[in-house]
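Please read the following note alongside the sequence and the coordinates. The points go from the whole chain to one helix and then to single residues.

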Amino acid sequence: MGELSLVVGAGVIGSRVAGMLAERGDRVSVVSRRGSGPAGVAADAADAGAMARLAEGAAVIYNCVNPPYHRWPADWPPIAASVLAAAERSGAVLVTLSNLYGYGPRVPGGYDEAHPITEATPLAATGRKGRVRARVWQDALAAHRAGRVRVAEVRAADFIGPGAQSAMGERIVRHVRQGKNVSVLGRADRPHTWSFTDDVARMLVTAGTDPRAWGRAWHVPSNEPLSQRQVIDDFARAAGVGQVRVGEIPSVVLRGMGLFSPLLRELRETEYQFRDDFVMDSSAAQATFGLKPAPWEEIAAVTVNSPSR
């Protein structure tokens with residue numbers, strides 16, 4: 001058997017990472033509160049003692065935790081500190097799954113194709129969730145530069161794929177399969193980058209096993225940007241239904257809905273990602289590791305035609 005890898009988080013990405021590692025012949029333990037699955041171990045990722053014990057002998061720790069959206073400011077700091085300490089103590093490489101929130105909005109006009117988000121874009125978030133994600137990386141990078149641990153961060157755009165929890169997740173997919181009208185956040189026709197869940201998992205595995213990845217952040221290899229309307233049109237085509245009408249949820253309506261839903265209330269912070277252009281550049285990872293995103297047509301087909309989770 002190969003080296004031991006510890007995957008923290010058993011969601012869509014963590015489960016896919018574990019599967020890819022197992023396919024390589026690595027030994028895998030998957031940590032989650034429930035400990036479900038054949039390699040599952042029940043533990044709280046914020047429990048530093050438990051994480052230290054579980055990380056003994058691990059070559060790589062993959063932090064794929066996804067706390068409840070509205071609890072990020074409270075839950076992420078202790079989880080990140082616990083997992084970082086476990087990596088330091090065990091000598092394991094730490095790879096953390098992240099997103100683009102830490103960059104914050106670009107004014108005016110958003111991140112268009114002439115000015116995309118790159119790994120060199122400053123982490124200048126002003127919202128609570130963006131600031132906490134930026135701090136997670138800054139703390140890990142400081143430990144790396146101090147020689148205490150080896151780290152990398154993998155940043156994905158909005159997920160797309162079977163089971164993805166995102167703006168193009170199951171709510172949209174279910175309606176498209178049925179040929180029903182859909183409503184989207186922000187503007188339907190702004191270019192937006194999407195990261196396929198398999199491409200996210202593949203980048204994480206690469207970052208954990210290739211020393212060239214350590215000490216910096218990487219963007220997930222992703223296809224050219226598509227607007228929400230274009231994505232939905234492609235979903236409809238892949239599902240074999242007629243064109244689906246796409247509407248937009250007005251900001252005032254989203255704010256009203258947020259009065260009754262913690263999740264929708266938190267979406268106000270990142271509304272700019274769908275109101276403005278939001279384009280991510282992933283050329284660094286593609287050039288360095290020879291990785292390419294899955295073909296868009298395959299992504300659309302598998303997303304729409306896979307069974308609901």
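1. Contact here means heavy atoms within 4.5 Å. On that basis, among contacts in the protein between residues at least 6 apart in sequence, 75% join residues at least 24 apart. The model is predicted, and every value in this note should be read with that in mind.

2. On overall dimensions, the protein has 309 residues, for which a compact globule would have a radius of gyration near 19 Å, and the value for the protein is 19 Å, which agrees. The C-alpha trace spans about 55 × 40 × 40 Å along its principal axes. The secondary structure consists of 12 helices and 13 strands.

3. On burial and surface, 54% of the 309 residues count as buried. The protein exposes about 13700 Å², and carbon and sulfur atoms supply 51% of that area. As for charge, there are 36 positive and 31 negative charges, and their mean positions lie 5 Å apart.

4. Does the length of helix α3 fall in line with, or depart from, the span expected at 1.5 Å a residue? The helix runs over residues 72-90, and its 19 residues should span 27 Å; the end C-alpha atoms are 26 Å apart, so the two values agree. The helix is followed by Gly 91, whose phi is positive, near 85°.

5. Which residues of α3 are buried? They are Trp 72, Asp 75, Trp 76, Ile 79, Ala 80, Ser 82, Val 83, Leu 84, Ala 86 and Ala 87. An α-helix has 3.6 residues a turn, so residues three or four places apart point the same way. The cover over the buried residues of α3 includes two helices, α2 (48-54) and α4 (128-145), together with the strands β4 (58-63), β5 (93-98) and β7 (151-155).

6. Val 136 offers a residue-level view of the α4 side of this packing, since its place is in helix α4. At 10% relative accessibility, Val 136 counts as buried, because the cut-off for that class is under 20%. Leaving aside neighbours within four places in sequence, Val 136 is in contact with Trp 76 and Ala 80, and both of these appear among the buried residues of α3. By contrast, the C-alpha atoms of Val 136 and Pro 221, which are 85 residues apart along the chain, are separated by 22 Å.

7. Arg 155, in strand β7, deserves a careful look from a reviewer. Its relative accessible area is 3%, and therefore Arg 155 is buried. Beyond residues up to four places away in sequence, Arg 155 touches Ser 98, Asn 99, Leu 100, Tyr 103, Glu 119, Leu 123, Trp 137, Ala 217, Trp 218, His 219, Val 220 and Met 280. The C-alpha atoms of Arg 155 and Ser 282 are separated by 9.6 Å, although the two residues are 127 places apart along the chain.

8. Leu 100, one of the residues that Arg 155 touches, is found in the loop between β5 and β6 (110-111). With 3% relative accessibility, Leu 100 counts as buried. Its contacts, apart from neighbours within four places in sequence, are Ile 117, Arg 155, Ala 156, Ala 157, His 219, Phe 278 and Met 280; of these, His 219 and Met 280 are also named among the residues that Arg 155 touches. The C-alpha atoms of Leu 100 and Ala 294, 194 residues apart along the chain, are separated by 20 Å.

9. Where does the loop between β5 and β6 call for a check of backbone geometry? Pro 108 is found in this loop, and a cis peptide bond, with omega of about -5°, joins Val 107 and Pro 108.

10. A further loop residue is Asp 26, whose place is between α1 (12-24) and β2 (27-32). Asp 26 has a relative accessible area of 12% and is therefore buried. The C-alpha atoms of Asp 26 and Ser 5 are separated by 7.0 Å, with their positions 21 residues apart along the chain.

Conventions
Residues numbered from 1 in each chain as written. Predicted model: local features only at pLDDT ≥ 70, side-chain atom pairs only at ≥ 80, totals over all residues. Heavy atoms only, no water. Helix = DSSP H or I, 4+ residues; strand = E, 2+ residues; numbered from the N terminus. Expected span 1.5 Å × (residues − 1). Buried < 20%, exposed > 50% of the residue type's maximum accessible area, 1.4 Å probe, protein only. Rg over C-alpha atoms; globule rule 2.2 N^0.38 Å. Areas by Shrake-Rupley, 256 points an atom, 1.4 Å probe, with all protein chains shown as cover. Lys, Arg positive; Asp, Glu negative; His and termini not counted. Charge placed at Lys NZ, Arg CZ, Asp CG, Glu CD.
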